[in-house]
Amino acid sequence: MTLPLRPVSTVGALADALRSRVLSGEIEPGTPLPEQEIAASYRVARPTVREALAILVHEGLLKRERNRSAYVPEVTISDLNDLMYVRRPLEDLMALAIAGQRAPQAEAALHRMAALPADAPWSETVAEHMALHEALIEAVGSPRLERLYGVLAAETRLGLVRLREVYQDRDVLVREHRELLDAIADGPQDAARAAVAAHLEHSWGAEDPAHAHH
């Protein structure tokens with residue numbers, strides 16, 4: 001007999017809570033996350049904390065080295081520029097493949113982003129922003145493109161934490177993505193590719209001198 005699934009395990013709930021704090025920028029890069037302190041503050045057992053942290057390490061949102069607490073990795077401006085250097089050709093393949101089409105899942109993610117309450121945590125905007133871009137990639141129908149894009153997902157999400165300073169007004173973010181989806185759907189290929197390339201020219205907020213790359 002199969003037992004009914006519990007809605008969310010304690011491990012899953014703790015991972016969700018910590019993920020939200022990382023993606024809202026509340027837990028800053030370099031901050032250690034000692035198991036003992038997390039266990040005490042969330043009133044859960046150490047093994048539960050260890051499993052929840054392992055989930056976030058696997059997702060790439062935390063790093064863990066031997067004999068050290070897990071921590072949020074620092075994603076520098078030069079890391080982000082290199083990330084965009086690799087993302088651009090992948091997104092260009094997407095624009096080539098789906099120009100002239102609507103991507104219903106991307107439209108749905110944009111709708112959810114637009115419907116978030118004004119006081120929603122930034123992590124929810126990050127989640128919908130990622131869902132929109134991933135839906136565009138999935139619309140291509142190439143498992144390998146999805147896999148390559150997926151490898152970059154954690155760093156992209158950590159990069160989006162920085163964009164909170166750039167997009168304090170979420171309506172601007174929604175408008176930019178509305179324009180992007182319309183440009184892809186309207187085609188032709190050249191116009192869709194140009195719109196995708198322009199969209200990826202993010203300003204990541206505070207620059208650092210190490211960004212002179214490519």
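A cavity is a set of grid points where a 1.4 Å probe fits but cannot get out, and its lining residues have an atom within 4 Å of a point. Keep that in mind as you work through these exercises on a predicted model.

**Exercise 1. The enclosed space**

Find which residues line the largest cavity, and say which helix gives the most to that lining.

*Solution.*
- Step 1: Start with the count. The structure holds 1 cavity of 30 Å³ or more, and the volume of the largest cavity is about 30 Å³.
- Step 2: List the lining. Around the largest cavity sit Q101, R102, A103, E107, L136, L181, I184 and A185.
- Step 3: Sort the lining by class. There are 5 nonpolar, 1 polar and 2 charged residues.
- Step 4: Look for the main contributor. Helix α9 gives the most to this lining, with 3 residues.

**Exercise 2. The open space**

Describe the largest pocket: how much space lies in it, and which residues are closest to its centre?

*Solution.*
- Step 1: Take the volume. The largest pocket holds about 240 Å³ of space.
- Step 2: Look at the lining. It has 14 residues, and those closest to the centre of the pocket are G25, P29, L158, V161 and R162.
- Step 3: Ask where the lining comes from. Helix α8 (residues 153-166) supplies the largest share, 5 residues.
- Step 4: Sort by class. The lining of this pocket has 8 nonpolar, 1 polar and 5 charged residues.

**Exercise 3. Pairs of charges**

For three salt bridges, work out which parts of the chain are linked and how exposed the partners are.

*Solution.*
- Step 1: Recall the principle. Side chains of opposite charge can pair when their charged atoms come close. A search of the whole structure finds 16 salt bridges.
- Step 2: Take R88 and E201, whose side chains form a salt bridge with an N to O distance of 3.3 Å. R88 belongs to helix α4 (residues 77-98) and E201 to the segment after α10 (189-199), so this pair links distant parts of the chain, 113 residues apart. R88 is partly exposed at 30% relative accessible area, while E201 counts as exposed at 52%.
- Step 3: Move on to D182 and R102, which meet in a salt bridge at 3.2 Å, N to O. Because D182 is in helix α9 (residues 170-186) and R102 is in the loop between α4 and α5 (104-115), the pair ties together parts that are 80 residues apart in sequence. D182 is partly exposed at 25%, and R102 is partly exposed at 45%. You have met R102 before: it is one of the residues lining the largest cavity.
- Step 4: Finish with E128 and R112, joined by a salt bridge of 2.9 Å, N to O. E128 lies in helix α6 (residues 122-140) and R112 in helix α5, so parts 16 residues apart in sequence are tied together. E128 has a relative accessible area of 14%; buried means under 20%, so E128 is buried. R112, at 38%, is partly exposed.
- Step 5: Add a network. Salt bridges also link E35, R46, R50 and R64.

**Exercise 4. Two sides of a helix**

Decide which residues of α10 are buried and which are exposed, and explain why the buried ones lie on the same side.

*Solution.*
- Step 1: Find the buried residues. In α10 these are A192, V196 and H199.
- Step 2: Check their directions. They cover an arc of only 65° around the axis, so they lie on the same side of α10.
- Step 3: Bring in the helix rule. An α-helix has 3.6 residues a turn, so residues three or four places apart point the same way.
- Step 4: Turn to the other side of α10, where D190 and A198 are exposed.
- Step 5: Ask what the buried residues of α10 meet. They pack against α4, α6 and α9.

**Exercise 5. Unusual backbone**

Which residues are joined by a cis peptide bond, and what is the phi of R43 and of N67?

*Solution.*
- Step 1: Recall the background. Most residues other than glycine have a negative phi, and most peptide bonds are trans.
- Step 2: Find the cis bond. It joins G187 and P188, with omega about -10°, and P188 sits in the loop between α9 and α10.
- Step 3: Look at R43. Its phi is near 55°, a positive value. R43 is in the loop between α2 (35-42) and α3 (46-59) and is exposed at 77% relative accessibility.
- Step 4: Look at N67. Its phi is near 55°, again positive. N67 is in the loop between α3 and β2 (70-71) and is exposed at 80%.

How values were computed: Residues numbered from 1 in each chain as written. Predicted model: local features only at pLDDT ≥ 70, side-chain atom pairs only at ≥ 80, totals over all residues. Heavy atoms only, no water. Salt bridge = Lys/Arg side-chain N within 4 Å of Asp/Glu carboxyl O. Helix = DSSP H or I, 4+ residues; strand = E, 2+ residues; numbered from the N terminus. Buried < 20%, exposed > 50% of the residue type's maximum accessible area, 1.4 Å probe, protein only. 1 Å grid on protein atoms, 1.4 Å probe; cavity = no way out; pocket = protein on both sides within 12 Å on 5 of 7 lines; lining within 4 Å. Points joined across faces, edges and corners; volume = space filled by probe spheres on them. Nonpolar A, V, L, I, M, F, W, Y, C, P; charged D, E, K, R; others polar. Arc of directions from axis to C-beta. Contact = heavy atoms within 4.5 Å.
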